[in-house]
Amino acid sequence: MEETHRPEIRLKVNSRRGFGGGNIIHPVEVESSPPTPFPATTTTQSQTPSPFREVKHFKKWVPWLIPTFVIADTVLFIITMYVNDCPKNSVSCIATFLKRLSFQPFKENPLLGPSSNTLHKMGALDVSKVVDDHQGWRLITCIWLHGGLFHLLANMLSLLVIGIRLEQEFGFIRIGLLYVISGFGGSLLSALFLQSNISVGASGAVFGLLGAMLSELITNWTIYANKMSALLTLVIIIVINLAVGILPHVDNFAHLGGFFSGFLLGFVFLMRPQFGWVNQRYTPAYPRTGAKPKYKKYQQVLWVLSLVLVVAGMIAGLVSLLRGVNLNDHCSWCHYMSCVPTSRWSCNTDPVSCLSEQTGNQYTLTCSNSGKNGTYLLDNPNQSKIRGLCIPEHFEGLITVYSSCLYLCYL
């Protein structure tokens, strides 16, 4: 009697886990009826079944949304520089051969970018405008703006390295929602703690993608190889990037808000079916007993808890912001999460203002932030030019700059 065997189907899963290990192939046995023997004369390659099948739930998507986000941010930066028109509104400019696109002087914006007035006009996050003038849309528009060329390059490189891999695995809808909601969460936490400056940048949204990578590893723990190595590598990268936030003029609250929003949303958007359930998808259509559930109990519990926490947290944060709550009044040490003062730098973020005295075309300016004063000869200066002269050299403008490392471990 001819012996029959249960065929083995190997499932190709597009996974980044192992950080450089390529696709992880999980062997899964599929229960099926005895195969019909092929005639000895028909052994062509077209009749030989492939030992690999692509699981449609783990299929590899073609990334297009993340590159679109990068293009949109770049175009908006060019438009912002055009609106800024440094030669018209500042005493001196950098890269004047760019004409209207030239950058503000280093003492006003060391990131090679526009003035704070221009960013404010383009939709930067200004808490007073959100609370007093009901301009809540600034919580979203600020994540598409950048404070300078260096700021843009750092964030876009990080977004490409992290975002494209996630979009390839989970598709544009889930990653797009995760990106925007995480960016909103970062803006919200920033607005609750840093209320004297304006803020711009996509770092909160990028940190949301990083947080989602961590929660995705946890919720899909059973299907990945090299679990502890992947977890340790990811945690080290997260700690390094959050540690950058203790530098002055870096909005670590946006990083933290985006990270925790993305971490919770990862349990909601990035949950995957288990291989035991996938196995059943390839069995014959006859009734099966003891069918395995699509998701494990711990995945379902994490999904519910995370959804409740993220919805409740954002509603509570938004209500508190619109009521004018400043969380620094309720947490005396929280400001250290965004900046730790040392002998080398100050964490002073008080807004800059100038007192000016005019005699003919001679202006004497005294800066409230540093007490410095100087005399300048100006012909019909506007407010932007006067403010630019007042900003001391160590001050990075009125912009609370977001920062993100380049995630070299992923390159």
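A residue is called buried here when its relative accessible area is under 20%, exposed when that area is over 50%, and partly exposed in between. The structure described is a predicted model, and by this cut-off both C331 and C334 are buried.

These two cysteines make a suitable starting point, since C331 and C334 are joined in a disulfide, with their sulfur atoms 1.8 Å apart. The torsion about their S-S bond is about 80 degrees, and the link between C331 and C334 is therefore right-handed. In general terms, a disulfide is a covalent bond between the sulfur atoms of two cysteines. A search of the whole structure finds two such links, and the other to consider here connects C86 with C93, at a sulfur-to-sulfur distance of 2.1 Å. The bond between C86 and C93 is left-handed, with -105 degrees about the S-S bond. C86 has a relative accessibility of 0%, which is why it counts as buried. Another cysteine, C142, also has a relative accessible area of 0% and is therefore buried.

From the cysteines the path leads to the backbone, and in particular to the sign of phi. Most residues other than glycine have a negative phi. L112, which is not a glycine, nevertheless has a positive phi, near 60 degrees, and this leucine sits in the loop that runs between α2 (86–89) and α3 (116–122). With a relative accessible area of 11%, L112 is buried because that value falls under the 20% cut-off. H134 is likewise a residue other than glycine with a positive phi, in this case about 55 degrees, and its place is the loop between α4 (127–132) and α5 (138–141). The relative accessibility of H134 is 67%, and because this is over 50%, the histidine counts as exposed.

Further along the chain comes helix α6, which covers residues 149–170 and so contains 22 residues. From its first C-alpha to its last, α6 reaches 30 Å, a span close to the 32 Å expected at 1.5 Å a residue. Along its course, α6 has a kink of about 30 degrees, and this kink is centred on G163. Just after the helix comes another glycine, G171, which takes a positive phi of about 90 degrees.

Definitions and conventions
Residues are numbered from 1 along each chain as its sequence is written. This is a predicted model: local features need pLDDT of at least 70, side-chain atom pairs count only at pLDDT 80 or more; totals for chains, interfaces and linings use all residues. Side-chain values use heavy atoms; hydrogens and water are left out. Helices (H or I, at least four residues) and strands (E, at least two) are DSSP runs, numbered from the N terminus. Buried means under 20% relative accessible area, exposed over 50%, partly exposed in between (1.4 Å probe, protein chains only). The expected span of a helix is 1.5 Å times one less than its number of residues. The bend at a residue is the angle between axes fitted to the seven residues ending there and the seven starting there. A disulfide is a pair of cysteine sulfur atoms within 2.5 Å.
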